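Colleague: I have a model open and want to go through its voids, cores and a few residues. Can you take me through them?

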Amino acid sequence: MTRQIAIPCMQMRGGTSKGAYFLASDLPRDPAARDALLLKIMGSPDPKQIDGIGGAHPLTSKVAVVGPSSRNDCDVDYLFLQVVPDKPIVSDQQNCGNILAGIGPFAVERGLVPVAGELTTVRVHMVNSAARADLVVETPQGEVAYEGDAMIDGVPGHHAPVVQNYFDTAGSQCGALLPSGNAVDVIDGVSVTLIDNGMPNVILKAADFGITGYETPAELEENQALKQRIEAIRLKAGAMMNLGDVASKTVPKMCLVAPPRNGGAIATRSFIPQRVHETIGVLAAATVLAACLVPGTVAAEVSGALSGNPCRADIEHPGGALTVEVEMRDGQPVRSGIIRTARKLFDGTVFALA
């Protein structure tokens, strides 16, 4: 007789994403067994994820696995897993800075990190890339605050801010900020910048594809010829970025850029990689701003004037803009800072067929 197993789970909105947060100790240690269980929990493979808690979109089909850190300089380990809605794929090939926004609150809620006062800093080892991020969480009166005055585009309302500071992200997944060694490469006749400041990205000028770069995500997703051309470039870029065969991987992301329209550094349309992001990923935005600051890149060619070190600028996206701060040293980003918000949606037990 088939039985259901119960797993403690907290669902949270982190930034402009939504995911299921688990303690590592509550999931199987074997990666294959863990992934098989998560597919059942999220309801994949099924475009609607009707038999699970996934939200039928890559942005709402995410998982965070959290436990005590294996590093002396961090408090918790955070493994991000992207569960593909319509395929039996669970990918650990990328970070997620949006889901990261919920890691600090989750760690405090689960007792992994004690409250330190009005503000609590949670030092996070991002297992996917072996990088570190410090999260500053508001903890007045001894508990996590979710209400506040911070607002981020792509999320309605105001919430308590979560300050994210990233370290050691340059080349974290590709081995170098510019893994090909070039500011610009040419793939299929298109000039591209291959770059990794925490999220492997292929940056391309929208104008090179005969579009403006200001189209809506729906308009871009309906353009099958564009999507096929971008995917063909992505498959070739993967090998050049030391990522190997990326046909079944969720990296690199593909980012079409255009001159800014609303006072930001640059306008973006991000493919993640087959669907079009409603906004832009946190680490993708940090990577794009780093590209704007490296002379000779595709992004630097079309971006607005930038100054300051650290440089703070808005990365424009379909839902508005994301403010990013990047500090450079010797031509390399050494810190990226972003303000996000998070909210606990439910805390309880999720069931899956054994």
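Modeller: Start with the second largest cavity, which holds about 50 Å³ of space. A cavity here is a set of points on a 1 Å grid, over the protein atoms alone, where a 1.4 Å probe fits but cannot get out. Grid points are joined across faces, edges and corners, and a volume is the space filled by probe spheres set on the points. This is a predicted model, where local features need pLDDT of at least 70 and side-chain atom pairs count only at pLDDT 80 or more, while totals for chains, interfaces and linings use all residues. Residues are numbered from 1 along each chain as its sequence is written, and side-chain values use heavy atoms, with hydrogens and water left out.

Colleague: Which residues line the second largest cavity?

Modeller: Pro105, Val137, Glu138, Val144, Ala145, Tyr146, Ala160, Pro161, Val162 and Ala342. Lining residues have an atom within 4 Å of a point. Strands β7 (131–138) and β8 (161–167) each supply at least two of the lining residues; strands (E, at least two residues) and helices (H or I, at least four) are DSSP runs, numbered from the N terminus.

Colleague: How does that lining divide into nonpolar, polar and charged?

Modeller: Nine nonpolar, no polar and one charged. Ala, Val, Leu, Ile, Met, Phe, Trp, Tyr, Cys and Pro count as nonpolar, Asp, Glu, Lys and Arg as charged, and the others, Gly among them, as polar.

Colleague: How many cavities of 30 Å³ or more are there?

Modeller: Two. The largest has a volume of about 150 Å³ and is lined by 17 residues, with Lys62, Gln94, Lys253, His277 and Gly281 nearest its centre. Helix α6 (residues 282–293) gives the largest share of that lining, three residues. By class, the lining has eight nonpolar, seven polar and two charged residues.

Colleague: On to pockets. What is the volume of the largest pocket?

Modeller: About 390 Å³. Its lining has 19 residues, and Pro58, Val84, Asp86, Gln274 and Arg275 are the closest to its centre. A pocket is an open set of points with protein on both sides within 12 Å along at least five of seven lines. Nine of the lining residues are nonpolar, five polar and five charged.

Colleague: And what lines the second largest pocket?

Modeller: There are 13 lining residues, and Ala24, Arg34, Val65, Gly67 and Leu79 lie nearest the centre. The space in this second largest pocket is about 270 Å³. Strands β3 (62–68) and β4 (76–83) each supply at least two residues of the lining, and β3 has the largest share, four. The classes are nine nonpolar, one polar and three charged.

Colleague: Now the packing. Which residues touch the most other members of the largest nonpolar core?

Modeller: Tyr78 and Ile103, in a core of 81 residues. The largest share of this core, nine residues, comes from α6. A second, separate core has 18 residues, including Ile7, Leu27, Val65 and Ala352. A nonpolar core is a set of buried Ala, Val, Leu, Ile, Met, Phe, Trp, Tyr and Cys residues joined through side-chain atoms within 4.5 Å.

Colleague: What is Ile103 in contact with?

Modeller: Leaving aside neighbours within four places in sequence, Ile103 is in contact with Tyr21, Ala64, Val66, Val76, Tyr78, Val124 and Leu135. Contact means heavy atoms within 4.5 Å.

Colleague: Next, Arg335. Buried or exposed?

Modeller: Arg335 counts as buried because its relative accessibility is 15%. Buried means under 20% relative accessible area, exposed over 50% and partly exposed in between, with a 1.4 Å probe and protein chains only. Arg335 is in strand β16 (residues 332–353).

Colleague: What polar contact does its side chain make?

Modeller: The side chain of Arg335 makes one with the side chain of Asn165, at 3.0 Å. A polar contact is a pair of N or O atoms within 3.5 Å; within protein, one must be able to donate a hydrogen and the other to accept it, and residues adjacent in sequence count only if both atoms are side-chain atoms.

Colleague: Two glycines to finish. Where is Gly117?

Modeller: Gly117 is in the loop between α3 (103–109) and β6 (119–126). With a relative accessibility of 30%, Gly117 counts as partly exposed. Not counting residues up to four places away in sequence, Gly117 touches Thr139 and Pro140.

Colleague: And where is Gly19?

Modeller: In strand β2 (residues 17–23). Gly19 is buried, at 1% relative accessible area. Beyond residues up to four places away in sequence, Gly19 touches Met10, Gln11, Met12, Lys62 and Ile99.
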